[in-house]
Each structure stands twice: as C-alpha cells, then as structure tokens.
Amino acid sequence: MRVGAVRVRHGGTEARTHGGTGDRGDVQCPRAPVPLCPPPAKRAQFTHLPIKSILNSPQQTGMGFWSLNPYVGCEFGCSYCFARFAHRYVVERGREGGAPPAPAWDDAAFERQVFVKSEAPDVLALTLKPSRLGDAAIAIGTATDPYQPAERRFRLTRRILERLAQFHGLNVSLVTKSPLVARDLDVLARLAERSRLTVYLSLITVDVPLIKRLEARSPMPQVRLRALARLAAGGIRTGVMIAPVLPGITDGVPQLRALMRSARDAGASFVHAAPLRLYPAVRPTFLPIVTRHFPALLPRYARAFDARGAVSAVYAAALERRVARLQRETGFPTWAEDEAAGTGARGHRGTGRPERRRASVDDRGQWVLPL
C-alpha cells in the first residue's frame, strides 16, 4: 500500500504532509515533518509520521508476538525507558531523508518531540490478516505508551482498538501507565467479546515520592489503580506489570508486597514482573537518577549489568523466586501458573527462567547485586 500525501486537521490546525522513507516495519520517517499541534512553551511538539505498515512481526523484533505502537516518543519520559533508541532512529532517518534542519538529537527529545502515526487505524484495517498472526499476540504499547497525553487529542489508540474489535479470535494485549485507558472501556469490552484481551497497568511502586523521582511526568499510583479497578469491574482481564524492577530501589519485600496488595485490592487478576535492562539508551537518563538519589548503588550498577544491559542470572533467578513467593502470599498465580492455566498473555513473560541460585540479602531486606 502506498501512503501518499494526506491532510490532517486537529483543533483547528491543518498540516500538509508527504510520503515517508524507510523500510524497518512501522519505524518510518517523514521527508518533511510538520507539527500537527504547535505546542506551548515547554510542552511536547507533535509531528505526523507517514507509515506503510503498523504491525511489527516477530521476525522483525525477535520477540514471540506482533507489536504495535501508535506513537514514537512518549510524554511521560520515564528515566528507565528503553525506547529512546527508536525515537533517535526516526529523527536521524528523517534528517537523512530531507527533513528541515533540526537540533541534534538528545535524550530529552524523546518526550519533547512525539511522532504521531495518524494513519495507523486505516493502515491496520487494510493490512491486518489474522491468518498471518497464527497464535501470536498483538501487543500494543511495547515501546511507547499508547495512552500518553497525546492520545486525548489524537485518539489513535481508541480507533486502533475499534478496528481490532471488528475481527474474531485475536489475542491482544495492551500495556499503559495511564488512567486514560478507562475512557475506552466500551470498545475494550467489544474487543473482549470477540477476542482474547489482556490489559496491563504498568506500575513499579506505590511509593509516590519514589515515582516522582523516577518518572516525574507519569500518573500517580492511586490514579492508575483506580483505572484498573474500573476495567476489572467492567469485565476486562486486567493486571499489573511491575517492570522494570529496579535492583536495590524497588525490589524490597515490603515494597513489592505493598504493590501486590494494592493491585489485589483494585481487582487485578495477576501481577507480572521483570528486572531492569540497562540498555545503552537507558544509561544516560537512568544512571544520573541513581547518582543523585541512590549514590551507594552506583558502583554496583556499573558492574552488575553485562554489555547487553542484562542483570546477572543470579539476581534474575532470586527476583523470580521472591516475586513468586509474594504472588502466592497475596493471592495471585505465579507467571508459570498463569501460563499453564492458559490465561497469561503470550509475549509478556515475567522474569524468565535463569539458573536458580541463592541470593545474598542485605539488612534492608533487598538483594545485594551479585557482582
């Protein structure tokens, strides 16, 4: 399908856009990006991103599911977010493709310039062939939040869900930090009637001061949990994704227990967890937070992650055991039990299955990173 020039209207603003370049799935770049909504000072700028496809296949990503992201860049700008690399790719390819001169990319650009795939719902409707999916899930929001504040304006995620609700027998999962997901309870219910649907509310802690340090622009924990409660009351299978678990910061037993209890009280069907991956794109934004607020952990972080950003197998196995014990304590199935029962959402594994070893514990009840 050829996506040519289109005209986008929003809030009284009209922008003429042109076909893009690039050949990496849904990561494509405009020849001449034009702001859709000229922002006030210190707010995000939104740029139309022409696309030819919206679904990333398992072969493209190396994961066991199809992925879909309506936006590139995210206004929440969490310090540990790994998706900055994709945003940088779009910006740099756009410049190579003849876009107007722009400032050199920096880490803050991820939340300052958000690319909007305005044609995503129509492209999905024209290109989705359920027979190609097999039994693999379609995961929405694997890179940037599909319900970030921009969704209030552009409603792309809602329109994508409306397209998916026209099909039968799909396996759809969605992950978000935003209570805005509850706005779409009606279309989520229609989708759940015809397909398997799982909604993950992403939350790493219920400690509000800690949230403000780590993800200052994201919704507060209680607001997310209220949205979870609304979805659960509406019959949507909903749970909490505790990801990433931050070693020495959010992995303590009291913290994880408090989060799981809050999730249970909100009506969550499950909680899943996964440890931090300290990718190169994450280090420039996350390590300064560690330096500022948790300086004693910095030497451990410098040594505990391998070149691919993975924490040691010893730590990952210990975290898995801790999470499983707390899941049983708070009345949730473990990840393995969830999958064995056929209720887990494929493609969103928990902490994996690394070698099981004993982990040392410090006097705060948190694991010392095995170095």
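**Exercise 1.** In this predicted model, decide whether Ser-57 is buried or exposed.

*Solution.* Start with the value: Ser-57 has 9% relative accessibility. Buried means under 20%. Ser-57 therefore counts as buried. Next, place the residue. Ser-57 sits in the loop that links β7 (55-56) to α1 (58-61). Finally, list its partners. Leaving out residues up to four places away in sequence, Ser-57 touches Phe-65 and Trp-66.

**Exercise 2.** Describe how helix α7 and helix α8 cross, and state which residues make the contact.

*Solution.* Two packed helices are described by the angle between their axes and the distance between the axes. Take the distance: the axes of α7 (residues 156-164) and α8 (residues 185-194) come within 9 Å. Take the angle: they cross at roughly 25°. Angles under 35 degrees count as roughly parallel, so α7 and α8 are roughly parallel to each other. The crossing of α7 and α8 is left-handed. Now the residues. α7 contributes Arg-158, Leu-161, Glu-162 and Leu-164. α8 contributes Asp-186, Val-187, Leu-188, Arg-190 and Leu-191. Sorted by character, the contact holds five nonpolar, no polar and four charged residues.

**Exercise 3.** Identify the residues with the most contacts inside the largest nonpolar core, then list the contacts of Phe-286.

*Solution.* The largest nonpolar core has 79 residues. Leu-164, Ile-249, Phe-286 and Tyr-301 have the most contacts inside it. Now follow Phe-286, setting aside neighbours within four places in sequence. Its contacts are Ser-79, Tyr-80, Leu-214, Leu-246, Ile-249, Leu-276, Leu-278 and Tyr-301. Another core, of eight residues, lies apart from the largest one. Among its members are Phe-46, Val-116, Phe-154 and Leu-156.

Note on methods. Residues are numbered from 1 along each chain as its sequence is written. This is a predicted model: local features need pLDDT of at least 70, side-chain atom pairs count only at pLDDT 80 or more; totals for chains, interfaces and linings use all residues. Side-chain values use heavy atoms; hydrogens and water are left out. Axes are lines fitted to C-alpha atoms, for helices over the stretch in contact, and angles run from 0 to 180 degrees between N-to-C directions. Helices (H or I, at least four residues) and strands (E, at least two) are DSSP runs, numbered from the N terminus. Angles under 35 degrees count as roughly parallel, over 145 as roughly antiparallel, 65 to 115 as roughly perpendicular and the rest as oblique. A crossing is left-handed if the near helix is turned anticlockwise from the far one by less than a right angle, and right-handed if clockwise. Contact means heavy atoms within 4.5 Å. Ala, Val, Leu, Ile, Met, Phe, Trp, Tyr, Cys and Pro count as nonpolar, Asp, Glu, Lys and Arg as charged, and the others, Gly among them, as polar. A nonpolar core is a set of buried Ala, Val, Leu, Ile, Met, Phe, Trp, Tyr and Cys residues joined through side-chain atoms within 4.5 Å. Buried means under 20% relative accessible area, exposed over 50%, partly exposed in between (1.4 Å probe, protein chains only).
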